[in-house]
Amino acid sequence: MERIVVKDYIYPSLQSPPPELSFSDQFAFQPSSSTTAALIHLLHTVINHLQSNPYVIIYALDFSKAFDSVRHSAVLHKFSRLDIPDHIYNWVEAFFRDHSHCTKFGDKVSGFRNILASIIQGSAIGPAAYVVTASDLHPLTPGNSMHKYADDTYLVIPAANVQSCAAEIAHIEKWAKENNLMLNYSKSVEIVFVPPRSHRAVEIPLPAVPSITRVESIKALGVTISRKFAMTQHVDNLLAACAQTLFALRTLRQHGLPTSALHTVFHATVIAKLCHASPAWWGFTSAADRNRLEAFLRRSTQFGFRDVSAQTLSDICEQADRRLFDNIIRNDKHLLYQLLPPQRSQHYSLRQRYHNYQIPMRTSALNDNNFITRMLFKT
């Protein structure tokens, strides 16, 4: 029943929300959503700002026990604004109502207390409920933007709006208190992105919120990105994690796991780990980064963990790029469709392209590494 309500009523209502609610910046628990799409959109926004700003500030914000703290009354108030039938709203209200808990210690049991907050994790309606909860969290200043993946929230502020940093954080903290959430300053971080090959000196301001630590690299949705968009640290982390997986595979082989099964496990674990969100970060890797990754796979093949006829990592990542780009250009409801340039109005007798979109002007090598720009030129 939950899945039917979410699929047939709640998710369709997110496509045409009221003005005060917005779901275009939420990349979790929606059709076409993924960590890959969230990262691509985040990097695309930062790189576009860097075309006209010397630096861009990102706050990676953490809310303590977000799913366990959301107040039911706040969730239901926002559900009431969505375009869903009354009987569906009543069902949602009944879903959250009349839950209680008690504590047992030894042979003693406490009295029951009503549960007035928290989203039931593991339920079909829980993720959708958090998406609705966070739908009214918006930046105060025009030009600033917010990118969300469930409770992972990223606030993007270009240099032109640097004076708004403190006010934006105060606004987010106020919103969190109104929704029974707590902004965790100790786990939130600030990073200042700058163009990687800029020869001009960039004067970076002091942190506007001293209680939020400024860092040189950030781990966003499983991908580590440095302030100059280098992926070396991410590759280091990948290779270290995959080396641990090889030890587990070696143990399985010693216990008699057949070679064909070993190859299957390798693909499901190591390759999946290496390719996580690859369309978002593969374009920013250096030749040295790619050589290290390919060398790791060659060693894995020599050790018998991988089929000798398996594809290179470059081929696998290029196929992932193409599949995602296909999904974007064929689905105007895709969360990344808005990043595409306008379609061409004039056609010339040149070589045929895979798509019918205008090719953007080449502005910088950094922009060329961006997923959308990269795919527009490649296809």
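The legends below describe close-up views of a predicted model.

**Figure 1. Overview of the predicted protein.** The chain has 379 residues, of which 47% count as buried. Its secondary structure comprises 14 helices and eleven strands. Measured out along the principal axes, the C-alpha trace spans about 65 × 60 × 45 Å. Among contacts with a separation of 6 or more, 69% are between residues 24 or more positions apart. The exposed surface is about 19300 Å², and carbon and sulfur atoms supply 53% of it.

**Figure 2. The largest pocket.** This pocket has a volume of about 290 Å³. Its lining consists of 14 residues, and those nearest the centre are Gln15, Gln30, Lys333, His334 and Leu335. Sorted by class, the lining holds seven polar, five nonpolar and two charged residues.

**Figure 3. Helix H6 and its cover.** H6 runs over residues 125–133, and nine of its nine residues are buried. The buried set includes Gly126, Pro127, Tyr130 and Thr133. Several helices take part in covering these residues, including H1 (2–13), H3 (66–69), H4 (72–79), H5 (86–96) and H7 (165–178).

**Figure 4. Surroundings of Ser188.** Ser188 sits in the loop between H7 and strand E8 (189–193). Its relative accessible area is 1%, so Ser188 is buried. The side chain of Ser188 has two backbone partners in this view. One is the backbone oxygen of Asn184, reached at 2.7 Å. The other is the backbone nitrogen of Asp62, which lies 3.0 Å from a polar atom of the Ser188 side chain. Beyond its neighbours within four places in sequence, Ser188 is in contact with Ala60, Leu61, Asp62, Leu183, Ile212 and Thr213.

**Figure 5. The largest cavity.** The structure holds two cavities of 30 Å³ or more. The largest cavity encloses about 50 Å³ of space. Residues lining the largest cavity are Leu42, Leu43, Val46, Ile58, Phe193, Ile218, Ala220, Ile225 and Phe229. By class, this lining has nine nonpolar residues, with no polar and no charged ones. Helix H2 (35–50) and strand E10 each supply at least two lining residues, and H2 gives the most, with three.

**Figure 6. The second largest cavity.** The volume of the second largest cavity is about 40 Å³. Its lining is made up of Ala38, Leu39, Leu42, His147, Lys148, Tyr149, Tyr154 and Leu221. Two elements, H2 and strand E6 (145–149), give two or more residues each to the lining. The lining residues divide into six nonpolar, one polar and one charged. Leu42 belongs to this lining and also to that of the largest cavity.

**Figure 7. Positive phi at Leu221.** Leu221 lies in the loop between strand E10 (217–220) and strand E11 (223–226). Its phi is near 55°, a positive value in a residue other than glycine. Most residues other than glycine have a negative phi. Leu221 counts as buried because its relative accessibility is 14%, under the 20% limit. The Leu221 residue is also part of the lining of the second largest cavity.

**Figure 8. Positive phi at Ala277.** Ala277 is found in the loop between helix H9 (259–274) and helix H10 (278–281). Although Ala277 is not a glycine, its phi is positive, at about 55°. With a relative accessibility of 4%, Ala277 counts as buried.

Technical notes
Residues numbered from 1 in each chain as written. Predicted model: local features only at pLDDT ≥ 70, side-chain atom pairs only at ≥ 80, totals over all residues. Heavy atoms only, no water. 1 Å grid on protein atoms, 1.4 Å probe; cavity = no way out; pocket = protein on both sides within 12 Å on 5 of 7 lines; lining within 4 Å. Points joined across faces, edges and corners; volume = space filled by probe spheres on them. Nonpolar A, V, L, I, M, F, W, Y, C, P; charged D, E, K, R; others polar. Helix = DSSP H or I, 4+ residues; strand = E, 2+ residues; numbered from the N terminus. Buried < 20%, exposed > 50% of the residue type's maximum accessible area, 1.4 Å probe, protein only. Contact = heavy atoms within 4.5 Å. Areas by Shrake-Rupley, 256 points an atom, 1.4 Å probe, with all protein chains shown as cover. Polar contact = N/O pair within 3.5 Å; in protein donor to acceptor, adjacent residues only side chain to side chain.
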